[in-house]
Amino acid sequence: MTQSRSNNKVLVFIVFLLLLTNIAVLAYFLFLCKKPAKKPDNKDGFAAVLRKEVGFNDEQVAKFNELKKSHWTDAKAKMDQIIHMKNILFDLTKTQDTVDATVIKWADSIAGLQKQVEINSFRHVVQTRKICTPEQQVAYDSLMKKIINKGRSRKPGEVPPPPNR
């Protein structure tokens, strides 16, 4: 009987110790652990970059936002069509004996839409550049070069070149 009471005391002590440990861990995570900082809402997006790096004023930002809205409406529609066509092309991989002419037809259709997206993007950049003052055009051109070269494809593991400054 004495042995049993001794075992019970040990078990009660262990349970109590585990309870205290759980409470301490819970308190740590609730009160002391720093929460990751939320990213600030970037409602301006690229317009904020144009303000900062090119020096756009409020009027220029408003004009840019109008251009961007119409450009992205068209671009998104075309990109959705491209994704739809790529899905159809991918589905052809599941069929036996797909005729090359069919694959070429879908690839050409995708390429045609991609060409339209690129032309519209070019026109958008030209229209945005027209919003710039002559002094701002130099900064805008530099920014566009950085953006274009940022997406440059590299071999896996290749180190990107240092930024031009």
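Which residues of α4 are buried? In this predicted model, the buried residues of the helix are Trp-106, Ile-110, Leu-113, Val-117, Asn-120, His-124, Thr-128 and Ile-131. Helix α4 itself runs over residues 100-131, 32 residues in all. From its first C-alpha to its last it reaches 47 Å, close to the 46 Å expected at 1.5 Å a residue. As for what sits against that buried set, the residues pack against α3 and α5, the latter covering 134-150.

Helix α5 can be looked at in the same way. With 17 residues at 1.5 Å a residue, α5 should span 24 Å, and its end C-alpha atoms are 25 Å apart, which agrees. Its buried residues are Gln-136, Tyr-140, Leu-143 and Met-144. Seen down the axis of α5, these fall within an arc of 100 degrees, so they line one face of the helix. Turned away from that buried side is a face carrying the exposed residues Pro-134, Glu-135, Val-138 and Lys-145. The cover over the buried residues of α5 includes α2, α3 and α4.

Charged pairs come next. Side chains of opposite charge can pair when their charged atoms come close. The structure holds seven salt bridges, and two of them involve α5 residues discussed here, namely Lys-146 and Asp-141. Arg-129 and Asp-141 meet through their side chains at 2.7 Å, N to O. Since Arg-129 lies in helix α4 and Asp-141 in helix α5, this pair ties together parts that are twelve residues apart in sequence. Both ends are partly exposed: Arg-129 has a relative accessibility of 31%, and Asp-141 has a relative accessible area of 31%.

The salt bridge between Glu-53 and Lys-146 comes in at 3.6 Å, N to O. Here the link is between distant parts of the chain, with Glu-53 in helix α2 and Lys-146 in helix α5, 93 residues apart. Glu-53 counts as partly exposed at 39% relative accessibility, and Lys-146 is likewise partly exposed, at 48%. So α5 has a salt bridge to α4 through Asp-141 and one to α2 through Lys-146, and α2 and α4 are also among the elements that cover its buried residues.

Another salt bridge joins Asp-58 to Arg-51, the closest N and O atoms being 2.6 Å apart. Asp-58 is exposed, with a relative accessible area of 57%, whereas Arg-51 counts as partly exposed at 31%.

Turning to the rings, the structure holds two aromatic pairs. In one, Tyr-28 and Phe-29 have ring centres 5.2 Å apart and planes at 75 degrees, so the pair is edge-to-face. Tyr-28 is partly exposed, with a relative accessible area of 41%, while Phe-29 counts as exposed at 53%. The other pair is Phe-46 with Phe-64, and this one is tilted, at 5.8 Å centre to centre and 50 degrees between the planes. It links distant parts of the chain: Phe-46 belongs to helix α2 (residues 46-54) and Phe-64 to helix α3 (residues 58-91), 18 residues apart. Phe-46 is partly exposed at 26% relative accessibility, but Phe-64 is buried, with a relative accessible area of 3%.

Key: Residues are numbered from 1 along each chain as its sequence is written. This is a predicted model: local features need pLDDT of at least 70, side-chain atom pairs count only at pLDDT 80 or more; totals for chains, interfaces and linings use all residues. Side-chain values use heavy atoms; hydrogens and water are left out. Rings of Phe, Tyr and Trp (its six-membered ring) pair if their centres lie within 6.5 Å; planes under 30 degrees apart count as stacked, over 60 as edge-to-face and the rest as tilted. Buried means under 20% relative accessible area, exposed over 50%, partly exposed in between (1.4 Å probe, protein chains only). Helices (H or I, at least four residues) and strands (E, at least two) are DSSP runs, numbered from the N terminus. The expected span of a helix is 1.5 Å times one less than its number of residues. Contact means heavy atoms within 4.5 Å. A salt bridge is a side-chain nitrogen of Lys or Arg within 4 Å of a carboxyl oxygen of Asp or Glu. The arc is that of the directions from the helix axis to the C-beta atoms.
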